[in-house]
Amino acid sequence: MSARRPIIAANWKMHKTHLEAIQAVQKLSYLLDRDDAERVEVVVCPPFTALRAVQTLILSDRLPYGLGAQDVHPKEEGAFTGEVSPLMLKALEVSYVIVGHSERRQLFGEDDRLVNEKARAVLAHEMTPILCVGETLQERDLGNTEERVAGQVRAGLAHVAETDASRLVLAYEPIWAIGTGRNAEPSDAGEVIGLIRRTVGELFGTGVAGAVRIQYGGSVKAGNIRDFMAHPEIDGALVGGASLDPEELALIVKYRA
């Protein structure tokens with residue numbers, strides 16, 4: 001069994017007002033006990049408008065959850081209307097920042113260079129990036145999974161110091177299995193996550209590769225989380241839609257129960 005502590009991150013995307021976010025975290029705290037949170041690291045990633053509200057709740061109620069942001073601009077400040085800097089996130093005691101999510105890459109045109117800049121900015125401000133990688137349906141059907149995913153890992157981690165690399169979190173998002181009617185099996189996810197870990201090993205050595213946690217970021221829910229987590233290469237999940245329901249999210253965190 002891996003010594004890496006599992007990490008479940010709830011990505012709420014563009015859902016929940018700050019009041020709804022407070023209610024969801026409060027309900028989650030009733031459903032999870034301290035043993036759950038000690039066994040599995042739980043990270044909540046609300047929209048920017050709810051970060052302060054969730055941070056205040058976590059601190060005031062001493063909840064054992066990490067606070068995550070869904071994106072970041074690589075610069076500390078400047079004339080970038082609508083953007084949020086790593087300095088701003090650090091001031092809110094954000095611990096994790098999702099970078100390179102498939103929706104950012106596909107819908108907003110983010111390339112590997114920008115994803116790398118964001119990852120390095122997050123690390124420079126002593127936060128942890130959740131670096132997302134994954135191939136499209138066309139890339140998978142053409143047999144380009146290894147080239148695409150390993151290439152994203154190398155590009156995303158370019159110029160990252162070895163001392164920073166071991167605290168990274170990576171997330172494998174099989175874009176081909178999201179909304180296409182095709183399902184990713186645990187063996188599919190485990191195979192590609194093994195590739196990601198080997199690529200990290202090539203960049204930073206086997207010690208770092210063994211320490212880095214790699215999540216599965218496909219369509220995770222209470223009904224399939226146990227199967228994915230049974231694979232030795234998978235260290236957790238980046239959960240989208242299923243995380244909007246505190247009861248469903250609690251069942252995901254309690255996958256061994």
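**A first helix, a buried strand and two cysteines**

Let me begin with helix α1, residues 18–31, whose 14 residues at 1.5 Å a residue should span 20 Å, and since its end C-alpha atoms are indeed 20 Å apart, the expected and computed spans agree. I should say at once that we are looking at a predicted model, so please hear everything that follows as a description of that prediction.

Staying with α1, which of its residues are buried? They are A21, A24, V25, L28 and S29, and because these cover an arc of only 135° around the axis, they lie on the same side of α1. The general background is that an α-helix has 3.6 residues a turn, so residues three or four places apart point the same way. On the other side of α1 we find L19, Q23 and Y30, which are exposed. As for what lies over the buried residues of α1, the cover includes strand β2, helix α3 (51–60), strand β3 (65–69) and helix α13 (246–253).

Let me turn now to strand β1, residues 7–11, where 5 of the 5 residues are buried, so that the strand is largely enclosed by the rest of the structure. Both of its faces are covered, with I7, A9 and N11 buried on one side, and I8 and A10 buried on the other.

Which strands, then, are joined to β1 by bridges? One is β2, residues 41–45, which runs parallel to β1 and is joined to it by 5 bridges; within that pairing, I7 has E41 as its bridge partner. Another is β8, residues 236–239, also parallel to β1 and joined to it by 4 bridges, and here A10 stands opposite V239.

My last topic is the cysteines. A disulfide is a covalent bond between the sulfur atoms of two cysteines, and in this model the count of disulfides comes to 0. Why does C45 not form one? The closest cysteine sulfur to that of C45 belongs to C132, and at 9.6 Å it is too far away for a bond, given that a disulfide requires the two sulfur atoms to be within 2.5 Å. Seen from the other end, C132 is likewise in no disulfide, its nearest cysteine sulfur being that of C45, 9.6 Å away. Are these two cysteines buried or exposed? C45 is buried, with a relative accessible area of 0%, and C132, at 0% relative accessibility, counts as buried too.

How values were computed:
Residues are numbered from 1 along each chain as its sequence is written. This is a predicted model: local features need pLDDT of at least 70, side-chain atom pairs count only at pLDDT 80 or more; totals for chains, interfaces and linings use all residues. Side-chain values use heavy atoms; hydrogens and water are left out. Buried means under 20% relative accessible area, exposed over 50%, partly exposed in between (1.4 Å probe, protein chains only). Helices (H or I, at least four residues) and strands (E, at least two) are DSSP runs, numbered from the N terminus. Two strands pair if DSSP finds at least two bridges between them. The expected span of a helix is 1.5 Å times one less than its number of residues. The arc is that of the directions from the helix axis to the C-beta atoms. Contact means heavy atoms within 4.5 Å.
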